[in-house]
Amino acid sequence: MTTSKIATGQIPYSLVFGTEAVIPTEVVILTTRYLLQDQENNDRILAHDLDTVDELRDLAKIHIAAHQQRITKAYNNNIKVRRFQIRDLVLRKIFQNTKDPSTGKLAPKWEGLYLIDAKVGKGVYWLATLEGDVLPRSWNVIHLKAYYM
């Protein structure tokens, strides 16, 4: 017997084949579950399982949708929305490929002092230096951090 999955609430084998899996060890080492099965009862249970497999799959779809909603809700509870206005001061994240390798692990994680020059889209901004030079590309809000004076 295999375990059911959290997302579907069902055993994957039963969703595919409509029956419960019997592992080979249960056939070789006779268990009570295997010994109590007779051919007529087994055929009746198998026919019932095959008739209800579509309902089982529909219940699994409902269970998956509910599971996805719980995951989405948990994820969205941890999101902190950051919005910037034009002329706000921000710091920019230093990436691994732009970091000076000689600085080691105590190197700063954020660099510069930049102004928000323009809003390009939802959470995307153009940055400019304090002298007014616009940086060559736009930056996503997840790579920016507000600077307070």
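**Exercise 1. The surroundings of K145**

Identify the residues in contact with K145, leaving aside its neighbours within four places in sequence. Then state where K145 lies and whether it counts as buried, partly exposed or exposed.

*Solution.* The structure is a predicted model, in which local features need pLDDT of at least 70 and side-chain atom pairs count only at pLDDT 80 or more, whereas totals for chains, interfaces and linings use all residues. Residues are numbered from 1 along each chain as its sequence is written, and side-chain values use heavy atoms, with hydrogens and water left out.

Step 1. Outside that sequence window, the contacts of K145 (heavy atoms within 4.5 Å) are R82, F84, L89, V90, L91 and W110.

Step 2. One of these contacts, R82, stands 63 residues away from K145 along the chain, and their C-alpha atoms are separated by 8.5 Å.

Step 3. K145 belongs to strand β5, which spans residues 144-146. Strands (E, at least two residues) and helices (H or I, at least four) are DSSP runs numbered from the N terminus.

Step 4. K145 has a relative accessibility of 35% and therefore counts as partly exposed. The scale is as follows: buried is under 20% relative accessible area, exposed is over 50%, and partly exposed is in between (1.4 Å probe, protein chains only).

**Exercise 2. The partners of strand β1**

Determine which strands pair with β1, and over how many bridges.

*Solution.*

Step 1. Strand β1 covers residues 89-93, and four of its five residues are buried.

Step 2. With strand β2 (residues 110-121), β1 pairs in the antiparallel sense over four bridges; two strands pair if DSSP finds at least two bridges between them. Among the bridge partners are L89 with L115 and R92 with E111.

Step 3. With β5, β1 also runs antiparallel, joined by three bridges. Here L91 has K145 as its bridge partner, and L91 is also among the contacts of K145 from Exercise 1.

**Exercise 3. Two hairpins and the loop residue T129**

Follow the chain from β2 through β3 to β4, and state how many residues lie between the strands of each hairpin.

*Solution.*

Step 1. β2 and strand β3 (residues 124-128) pair antiparallel over five bridges, with I116 standing opposite L127.

Step 2. Two residues lie between β2 and β3 in their hairpin, where G123 takes a positive phi near 80°.

Step 3. β3 then pairs with strand β4 (residues 134-140), again in the antiparallel sense, over four bridges. In this pairing W126 is opposite S138.

Step 4. The hairpin of β3 and β4 has five residues between the strands, and G132 in its turn has a positive phi of about 105°.

Step 5. T129 is located in the loop between β3 and β4. Its relative accessible area is 16%, so T129 is buried. Beyond four places in sequence, T129 contacts Y114, L115 and L135.

**Exercise 4. Assembling the sheet**

Give the order of the strands, and establish which strands stand at the edges.

*Solution.*

Step 1. Combining the pairings yields an open sheet of five strands in the order β4-β3-β2-β1-β5, with antiparallel pairing.

Step 2. β4 and β5 are the edge strands: each has a single partner strand, so one side of each is left without a neighbour in the sheet.

**Exercise 5. Three residues outside the sheet**

Decide whether H67, Y13 and N78 are buried, partly exposed or exposed.

*Solution.*

Step 1. H67 is part of helix α5 (residues 53-77). Its relative accessibility is 19%, which means that H67 counts as buried. Apart from residues up to four places away in sequence, H67 touches I6 and A7.

Step 2. Y13 is placed in helix α1 (residues 12-17). With a relative accessible area of 37%, Y13 is partly exposed.

Step 3. N78 is found in the loop between α5 and β1. At 60% relative accessibility, N78 is exposed. The C-alpha atoms of N78 and F17, which are 61 residues apart along the chain, are separated by 39 Å.
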